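Grab a coffee and let's work through a few exercises on one chain. Have a go at each task before you read the solution.

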Amino acid sequence: MLDAICTFDEENPKTYSIFEFKLLPEAEIDKLRYLLLCPVCKQKAYFRRASKDGKQACFGSRYHDLDCEEFNPSARKTEEEKQIAEVEQIVLEAGSLVIDFSKKIPLNKGNQKPVLDAQKTPLEGREYSTKDAVKKDLPVNENEPKVSKQGLAKLLTSLLRGSSLAISDLWIYTSETHKWRAKNLFVNIADAQPTENGAPRMYWGTISHADKTLNWLNPAEDRSVGLPISKYREQLLERFDINTASDVEGAGFILFGKCVLSKDKKRKYIYLWGNDLQYIYLSKAAEA
Ligand SMILES: [Zn+2]
């Protein structure tokens, strides 16, 4: 994406080319990068700086409408469409869904191709009958015969593309004993609020940028929200192959965690549940 619309001045949105945007002073970039839109479908966009390993600065969007011409008909798009269709099918047909936190995290390295079928484990996308569920100690409810099992990666793709999962009544199991209606569990980061009893939610969104020391991830959707990652920083950087702050710009994220207000109540922090890496997934932005 070579252009993005900036709505900093709502009356007069300005279209920036990547070439002019990347030359703006850093403070200006940090102010404007929250307010970028795809020039075609007008969905939320991000800016990613040039990286040391040679990737050019770029604009992108994780929220492109599926028919947006800026969303190239790439392997990534095809794979995303397949994942979305699969989740929609579950929403329509399954009684419940078990989140498989142990599912192998597909590595999302710089030049690696998007996650394709070859990396799927045999369990993925498989539907369990009630009988299977008993055998595997999965949650069972006689009125809910179909239990599907999915990892965070696919759920995130589906949420980013506006699937009906976010507003669905589907039962979602986050453990064998905890279930939630999907619409009560999944919260876009723009709507994050501390819950009354401190209960966790599954927060999702995109990363605008990280601080230079990579101790904070700043969601693009709401600049008053921050993800403090210092408690699990090293593991996170290693698992998702993050070397510099620019590696996370434009990344999609989903995490099971708790929303807490800062002391002055001006900021909200999302703490990862138990600082346990299985509860977070990052999907780095595709190459420009
Ligand atoms: Zn678009």
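Below are four exercises, all on a predicted model.

**Exercise 1. Get an overview of the chain.**
Work out how many helices and strands the chain has, and what share of its residues is buried.

*Solution.* Start with the secondary structure: you should find seven helices and 17 strands. Next, go through the 288 residues and pick out the buried ones, which make up 36%. Finally, look at contacts between residues at least 6 apart in sequence: 62% of them join residues at least 24 apart.

**Exercise 2. Explain why helix α5 counts as largely enclosed.**
Use residues 152-160 for this one.

*Solution.* First recall the cut-off: a residue is buried if 20 or more other C-beta atoms lie within 10 Å of its own. Now run along the helix. L152, A153, K154, L155, L156, T157, S158, L159 and L160 are the buried residues of α5. That's nine of the nine residues, so the helix is largely enclosed by the rest of the structure. Last step, look just past the end: α5 is followed by G162, which has a positive phi near 75 degrees.

**Exercise 3. Decide which residues of strand β8 lie on each side, and find a strand that pairs with β8.**
Your stretch is residues 147-150.

*Solution.* Begin with a handy rule: in a regular strand the side chains alternate between the two faces of the sheet. Sorting β8 by face puts V147 and K149 on one side, with S148 and Q150 on the other. These residues are all buried, and both faces of β8 are covered. For the pairing, turn to strand β6 (residues 96-99), which runs parallel to β8 and is joined to it by four bridges. To line the two up, match S96 with its bridge partner V147.

**Exercise 4. Map the neighbours of strand β12.**
Find strands that pair with residues 201-210, and give the sense of each pairing.

*Solution.* Check burial before anything else: 10 of the 10 residues of β12 are buried, so the strand is largely enclosed by the rest of the structure. Then take the partners in turn:

- β11 (residues 186-188) pairs with β12 in the parallel sense over three bridges; F186 sits opposite M202.
- β15 (residues 252-261) pairs in the antiparallel sense over six bridges; W204 has I254 as its bridge partner.
- β13 (residues 216-219) runs antiparallel to β12, with three bridges; I207 faces P219 across this pair.

To finish, look at the turn. The hairpin of β12 and β13 has five residues between the strands, and there L214 takes a positive phi near 60 degrees.

How values were computed
Residues are numbered from 1 along each chain as its sequence is written. This is a predicted model: local features need pLDDT of at least 70, side-chain atom pairs count only at pLDDT 80 or more; totals for chains, interfaces and linings use all residues. A residue is buried if 20 or more other C-beta atoms lie within 10 Å of its own, exposed if 12 or fewer, and partly exposed in between; C-beta atoms are placed from the backbone. Two residues are in contact if their C-beta atoms, placed from the backbone, lie within 7 Å. Two strands pair if DSSP finds at least two bridges between them.
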